[in-house]
Amino acid sequence: MNPPAVHCQQIHRHFGDGDTRVHVLRGIDFTAASGQITFLAGPSGCGKTTLISVIAGLLQPSSGAVSLFGRDLASMPPDDAVRLRRKDIGFVFQQYHLIPALSVAENVAVPLLAASMKRRDALEQASAILDKLGLGDRLHQPPARLSGGQQQRVALARALVHQPRLVICDEPTAALDHETGHRVMELLAASAVHPDRAVLVVSHDNRIFHFADAIAHMDDGIITHIDHPNSTAA
Amino acid sequence: MIRIALTMLRTDRAKCTAMILAVTFSVFLMQNQCAILASLYRMMTAQIDDVTDAPLWVMEPDTRCFEQAKPVKDGTLERVRSRSGVAWAVPLLKIDTMARSDSGLLCTVTVMGVDEASMVGLPSRFRFGQPEAIRPAGTCAVDPGGYAQLFPGEPVHFPRRIRILDESLVLTGMTEASAPFTGFPILHCSRVTALRLNKAENRTATFIIGDFTPGANRAAVCESITAATGLAAMDRAGFGEMALRFYNSQGVPRLFWITIAIGLLTGTAITAQTFSMFVREHTTQLAVCRVIGVTKARIIAMVLCQGLFVLSIGCAFGTGLTAITTHAAASEPFLRGIVLPPQVAAGTCAALAAITITAVTIMARRVALMDPAIVFRS
């Protein structure tokens with residue numbers, strides 16, 4: 001049996017010291033399986049963003065262990081962690097975070113260029129995925145000329161272009177209206193879900209929860225319960 | 001990724017232009033002042049350096065530089081020649097006087113009367129005419145800048161006539177004499193001619209110039225001349241250094257150094273400040289690159305390349321501007337000695353580059369060490 005894509009065990013994370021010490025994650029046990037969309041839901045300030053930062057290797061947990069695809073992040077040399085992120089993780093951000101100076105195709109090609117792929121090959125691969133996501137006619141435009149929904153589709157293409165095994169989406173619909181957000185989620189569900197890939201979505205937008213295979217509800221630094229909305233089991 | 005970094009920089013046109021302009025201005029200011037200072041330094045010793053065939057210089061002890069020299073006593077020449085270690089010695093007479101061109105233009109000139117037998121004391125090259133043509137009394141050669149001052153706007157042709165006091169002189173050619181510190185025309189003639197123009201002074205030589213015998217200890221020979229004559233004796237390099245020390249003590253170079261420092265500080269401050277704003281505004285984009293898996297080293301390289309791009313364009317523009325202005329200045333007779341030495345161009349760019357790259361590296365390190373998780377918070 002394959003190990004889960006993401007496995008967190010008793011994750012604690014605090015910031016500051018003494019009187020200003022804030023305990024943000026208070027013993028998180030969490031698993032995200034490949035082939036599924038797993039939601040992390042909860043109110044603002046409950047620790048969702050801190051948890052995905054820890055899962056992505058951007059923050060070290062104060063205690064506890066995180067493993068991605070069976071590899072323990074804590075025991076990984078920093079260079080390996082960067083390589084893992086470059087190769088195996090795709091990111092979709094709430095504010096898209098596209099680089100305004102680059103064209104749509106160049107933005108999507110960034111993860112490939114970061115992996116030292118030749119520019120021409122990277123742009124070809126980027127164009128192919130943009131074509132799939134319905135943006136084939138916008139390749140050379142700057143992101144500023146696109147609508148919010150289109151920009152998020154570009155961000156999605158950037159997250160998927162290097163065929164990662166984990167896609168982390170941080171509030172992917174928060175900056176979009178309901179209809180556009182719904183369409184982006186449909187696209188995410190259609191294009192990102194793959195038997196060898198886990199999709200982790202941070203969101204507090206309950207209108208898109210029906211896309212989830214599992215929803216981990218967080219509050220005050222702990223996971224309170226996990227739902228399986230699409231489960232047929234009674 | 002470097003290409004991406006440069007695209008990010010180029011598309012932020014306002015900041016990119018501001019940074020390039022800051023570097024351009026700084027390089028221009030520094031190079032301009034350095035070029036003038038270097039040219040002045042060169043001019044301070046120009047007439048000493050022009051006399052390439054006489055390494056030994058003897059002069060009155062009060063002399064501080066070529067321009068401020070009082071004549072030596074008659075009979076000095078023989079006493080210098082008689083010293084052991086002196087291969088040969090000849091007189092050189094320098095006079096500052098007024099000349100009038102054939103069109104009536106009045107001009108202060110420096111007349112150099114060289115020994116008519118050996119012709120030692122002439123610049124090593126002539127642009128027009130021959131050195132021998134100034135041997136007869138009443139003839140002389142002029143330097144290129146001097147010709148332009150005496151005959152402004154007129155084509156170069158010889159012979160031409162000028163008057164000094166009540167003497168008529170024929171200009172027979174043009175020397176390649178270096179531009180003097182005073183900016184006055186330099187006329188080279190035989191000492192016989194020069195003596196006819198030296199109405200205010202009875203003495204017949206300003207300097208005794210000569211050479212050391214092969215293998216002689218130069219310092220010992222100079223000491224022996226001083227002991228015997230009471231005059232200052234030194235080799236050409238020593239005279240040049242003494243002249244530079246004298247001019248340095250006058251304070252003018254210090255003013256130039258202050259302007260150069262202002263150029264350096266202003267340029268680097270504006271560049272560093274604008275670059276810091278640029279990097280701060282692009283922190284999130286660089287953080288996204290970090291999150292996506294770009295290494296810290298690559299992020300530093302990206303920021304450094306942006307800095308180097310601005311620096312190289314600014315240095316190129318600044319150097320180009322300085323080259324244009326110094327070239328334009330050199331065509332003016334009084335400013336003919338102003339040049340941009342390659343060492344000055346390279347040195348000023350290197351100084352600015354060193355400070356700017358240090359500042360950019362500090363910023364690049366700061367960006368590389370930032371918390372990339374800010375992308376989830378902004």
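Helices, of at least four residues, and strands, of at least two, are DSSP runs, numbered from the N terminus. By that count, chain B has 13 helices and 10 strands. Chain A comes to 6 helices and 10 strands. Keep in mind that this is a predicted model.

Start with the overall form of chain A. Its radius of gyration is 18 Å, close to the 17 Å that the globule rule gives for 234 residues, so chain A is as compact as a globular protein of that length. Its C-alpha atoms fill a box of roughly 50 × 45 × 45 Å along the principal axes. Of its 234 residues, 48% count as buried. Now look at contacts in chain A between residues at least 6 apart in sequence. Of these, 71% join residues at least 24 apart.

Turn to chain B. A compact globule of 378 residues would have a radius of gyration near 21 Å, but chain B has 29 Å. The C-alpha trace of chain B spans about 90 × 50 × 30 Å along its principal axes. Buried residues make up 45% of its 378 residues. Take the contacts in chain B with a separation of 6 or more. Residues 24 or more positions apart account for 82% of them.

Next comes the place where the chains meet. The contact takes 20 residues from chain B and 20 residues from chain A. On the side of chain B that touches chain A, three elements give two or more residues: α1 (2–11), α10 (283–292) and α13 (374–377) of chain B. Which of them gives the most? It is α10(B), with 6 residues. By class, this side of chain B has 12 nonpolar, 7 polar and 1 charged residues.

Now go inside. The largest nonpolar core has 121 residues. Those with the most contacts inside this core are V108(A), I168(A) and L200(A). Helix α2 (residues 13–44) of chain B provides the largest share of the core, 12 residues. Pick out I168(A) and look around it. Leaving out residues up to four places away in sequence, I168(A) touches I52(A), I55(A), A56(A), I89(A), F91(A) and L200(A). A second, separate core has 62 residues, including M59(B), I208(B), A232(B) and A243(B).

Find the sheet in chain A. It is an open sheet of 4 strands in the order β2-β1-β4-β5, with antiparallel pairing. Which strands form its edges? They are β2 (22–32) and β5 (71–72) of chain A, and each pairs on one side only. Further in, strand β1 (residues 6–15) and strand β4 (residues 63–68) of chain A run antiparallel and are joined by 5 bridges. One position to locate is C8(A), which stands opposite V66(A) in β4(A). Helix α1 (residues 48–55) of chain A packs on the sheet. This helix touches β1, β2 and β4 of chain A, and its direction makes about 120° with that of β1(A).

Move on to one residue of the edge strand. R71(A) lies in strand β5 of chain A. Is R71(A) buried or exposed? A residue is buried if 20 or more other C-beta atoms lie within 10 Å of its own, and exposed if 12 or fewer do. R71(A) has 14 C-beta neighbours inside 10 Å, so it counts as partly exposed. The C-alpha atoms of R71(A) and L84(A) are separated by 9.9 Å, and these residues are 13 apart along the chain.

L84(A) leads to helix α2 (residues 78–88) of chain A, where V82(A), L84(A), R85(A) and R86(A) are buried. What covers the buried residues of this helix? The cover includes β4, β6 (89–92) and α3 (104–114) of chain A, together with α10 of chain B.

Finish in chain B with T172(B). This residue is in strand β7 (residues 167–175) of chain B. Why does T172(B) count as buried? The reason is its 24 C-beta neighbours inside 10 Å. Leave aside its neighbours within four places in sequence. T172(B) is then in contact with G129(B), A133(B), I134(B), T139(B), A141(B), F158(B) and P159(B). One further pair to locate is T172(B) and H188(B), 16 residues apart along the chain. Their C-alpha atoms are separated by 10 Å.

Technical notes: Residues are numbered from 1 along each chain as its sequence is written. Chains are lettered from A and ligands numbered from 1 in the order in which they are written. This is a predicted model: local features need pLDDT of at least 70, side-chain atom pairs count only at pLDDT 80 or more; totals for chains, interfaces and linings use all residues. Two residues are in contact if their C-beta atoms, placed from the backbone, lie within 7 Å. The radius of gyration is taken over C-alpha atoms; the globule rule is 2.2 Å times the number of residues to the power 0.38. Ala, Val, Leu, Ile, Met, Phe, Trp, Tyr, Cys and Pro count as nonpolar, Asp, Glu, Lys and Arg as charged, and the others, Gly among them, as polar. A nonpolar core is a set of buried Ala, Val, Leu, Ile, Met, Phe, Trp, Tyr and Cys residues joined through C-beta atoms within 7 Å. Two strands pair if DSSP finds at least two bridges between them. Axes are lines fitted to C-alpha atoms, for helices over the stretch in contact, and angles run from 0 to 180 degrees between N-to-C directions.
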